[in-house]
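Student: I would like to go through this model with you, one question at a time. Could we begin with the term that the first answer will need?

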Amino acid sequence: MENQNLKYLSDQIKTKAKELGFYACGISKAAYLPEDADRLSKWLQEGKHAEMKYMENHFEKRTDPCKLLENAKSVISVLFNYYPEKQLPEKNNYKISKYAYGTDYHFVLKRKLKDLIAFINTEAPNISARAFVDSAPVLDRAWAARSGLGWIGKNTCLITKEQGSYFFIGEIITNLELDYDKKAVPNHCGGCTRCIDSCPTNALEPYNLDANKCISNWTIEYKGEELPEKFKNKFNDWIFGCDICQDVCPWNRLSESHNEPAFKLSDHVLKFTKSDWEELNKERFTELFKRSPIKRAGFEGLKRNIIFLNNNSNS
């Protein structure tokens, strides 16, 4: 395909991505990622993935998209804003990560990515393409950075200069050759260490997260019956996930609220107080969170987290 046609098709894909609600779209050449492979290998060897044992699986696929799709030529990366217009009231309340306010993003983004693949097929019939949203072995932040959508910050999140880091990331890997975005976004973290300084469990070093100390890991991934006493009085009322390292990031002062109905906080949960969370039963939990990311922690996990916070505050 001629360069002019490659550019035209790539621009058409980016335009369609925005029509589907994606904040940004970038395209990079599918290839092995040696630096990211080294970094991931070291992180795993040091055991910093904690409960996320699935990170040990499919190492070659994580670092080489050609292992996920035969004859892969391009990785299309997209960002989807999830910064909410309304947040849980802080007074007399527990905290859940903003990404978990609405419907599980896997469902929403996967549907939109499939629509984008359908569009690509109308422009370039008979191509092969696969959509990925976090649940498959893809280094999403690395690909997003590689395609010029942002830089990976000291808090290990992908950050955009225009609107911070409250984004979901998705990818389409395809055997279609496209026009690649080669201009990387410079790192704009500078000398700032607010994310590192603000983490109550000291889980962060510059560009490195130790999940063994991360509140998100303990409140979501950990399946044990009791949380470690060493974290007593350090969870700051978080019962599902944690946004501290993003909330304090200066770039997130630029965050604008999304307009995706599926990600809005339900009116029921918006009115919750601590007592509502504490009195939640399994039936009500299933009713309120049946399509929510909070299902990952499960009813028992959420109740365990609440009990841990209460025991700490009462001791």
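Tutor: A residue counts as buried when its relative accessible area is under 20%, as exposed when that area is over 50%, and as partly exposed in between. Please keep in mind throughout that this is a predicted model.

Student: Is Ala50 buried or exposed?

Tutor: Ala50 sits in the loop between α2 (34-45) and α3. Its relative accessibility is 6%, and because the limit for this class is under 20%, Ala50 counts as buried.

Student: How far apart are the C-alpha atoms of Ala50 and Lys114?

Tutor: Along the chain, Ala50 and Lys114 are 64 residues apart. In space, the separation between their C-alpha atoms is 32 Å.

Student: Which strands form the open sheet, and in what order?

Tutor: The sheet is open and its pairing is antiparallel. Its edge strands, each of which pairs on one side only, are β1 (24-29) and β4 (129-132). Between neighbouring strands the turn is 20° on average, with direction ignored. Read across the sheet, the order of the four strands is β1-β2-β7-β4.

Student: How many bridges join β1 to β2, and which residue of β2 stands opposite Cys25?

Tutor: Strand β2 covers residues 74-81 and runs antiparallel to β1, with six bridges joining the two. Along this pairing, Lys29 has Ser74 of β2 opposite it, while the residue of β2 that stands opposite Cys25 is Val78.

Student: How many residues of β1 are buried?

Tutor: Strand β1 is an edge strand of the sheet, pairing on one side only. It is nevertheless mostly covered, and of its six residues the number buried is five.

Student: What joins β7 to β2 and to β4?

Tutor: Strand β7 runs antiparallel to β2, and Phe80 has Phe168 in β7 as its bridge partner; eight bridges join these two strands. Towards β4, which also runs antiparallel to β7, Arg130 stands opposite Ile173 of β7. The number of bridges joining β4 to β7 is four.

Student: Which residues of β7 point one way, and which point the other way?

Tutor: Strand β7 spans residues 167-174 and is mostly covered, with eight of its eight residues buried. Residues on both of its sides are therefore under 20% relative accessible area. Phe167, Ile169, Glu171 and Ile173 point one way, and those pointing the other way are Phe168, Gly170, Ile172 and Thr174.

Student: How many disulfides does the structure hold?

Tutor: A disulfide requires a pair of cysteine sulfur atoms within 2.5 Å. For Cys66, which is partly exposed at 34% relative accessibility, the nearest cysteine sulfur is that of Cys25, 19 Å away. For Cys157, which is buried with a relative accessible area of 16%, the nearest cysteine sulfur is that of Cys245, at 4.8 Å, and Cys157 is in no disulfide. The number of disulfides in the structure is zero.

Student: What is near 60° in Asn71, and what is near 55° in Asn202?

Tutor: Most residues other than glycine have a negative phi. Asn71, in the loop between α3 (59-63) and β2, has a positive value, as does Asn202, which lies in the loop between α6 (194-198) and β8 (204-205). In both residues, the angle in question is phi.

Student: Which class of accessibility does Asn71 fall into, and which does Asn202?

Tutor: Asn71 has a relative accessibility of 49%, and because exposed means over 50%, Asn71 counts as partly exposed. Asn202 has 52%, and counts as exposed.

Student: How do the residues that line the second largest pocket divide?

Tutor: The second largest pocket has a volume of about 270 Å³. Its lining is made up of 16 residues, and those nearest its centre are Ala24, Gly148, Leu149, Glu162 and Val185. By type, the residues of this lining divide into six nonpolar, five polar and five charged.

Student: How far apart in space are Ile220 and Thr15, C-alpha to C-alpha?

Tutor: Ile220 belongs to helix α7 (residues 215-221) and is buried, at 5% relative accessibility. Ile220 and Thr15 are 205 residues apart in sequence, and their C-alpha to C-alpha distance in space is 36 Å.

Technical notes: Residues are numbered from 1 along each chain as its sequence is written. This is a predicted model: local features need pLDDT of at least 70, side-chain atom pairs count only at pLDDT 80 or more; totals for chains, interfaces and linings use all residues. Side-chain values use heavy atoms; hydrogens and water are left out. Buried means under 20% relative accessible area, exposed over 50%, partly exposed in between (1.4 Å probe, protein chains only). On a 1 Å grid over the protein atoms alone, a cavity is a set of points where a 1.4 Å probe fits but cannot get out, and a pocket is an open set with protein on both sides within 12 Å along at least five of seven lines; lining residues have an atom within 4 Å of a point. Grid points are joined across faces, edges and corners, and a volume is the space filled by probe spheres set on the points. Ala, Val, Leu, Ile, Met, Phe, Trp, Tyr, Cys and Pro count as nonpolar, Asp, Glu, Lys and Arg as charged, and the others, Gly among them, as polar. Two strands pair if DSSP finds at least two bridges between them. Axes are lines fitted to C-alpha atoms, for helices over the stretch in contact, and angles run from 0 to 180 degrees between N-to-C directions.
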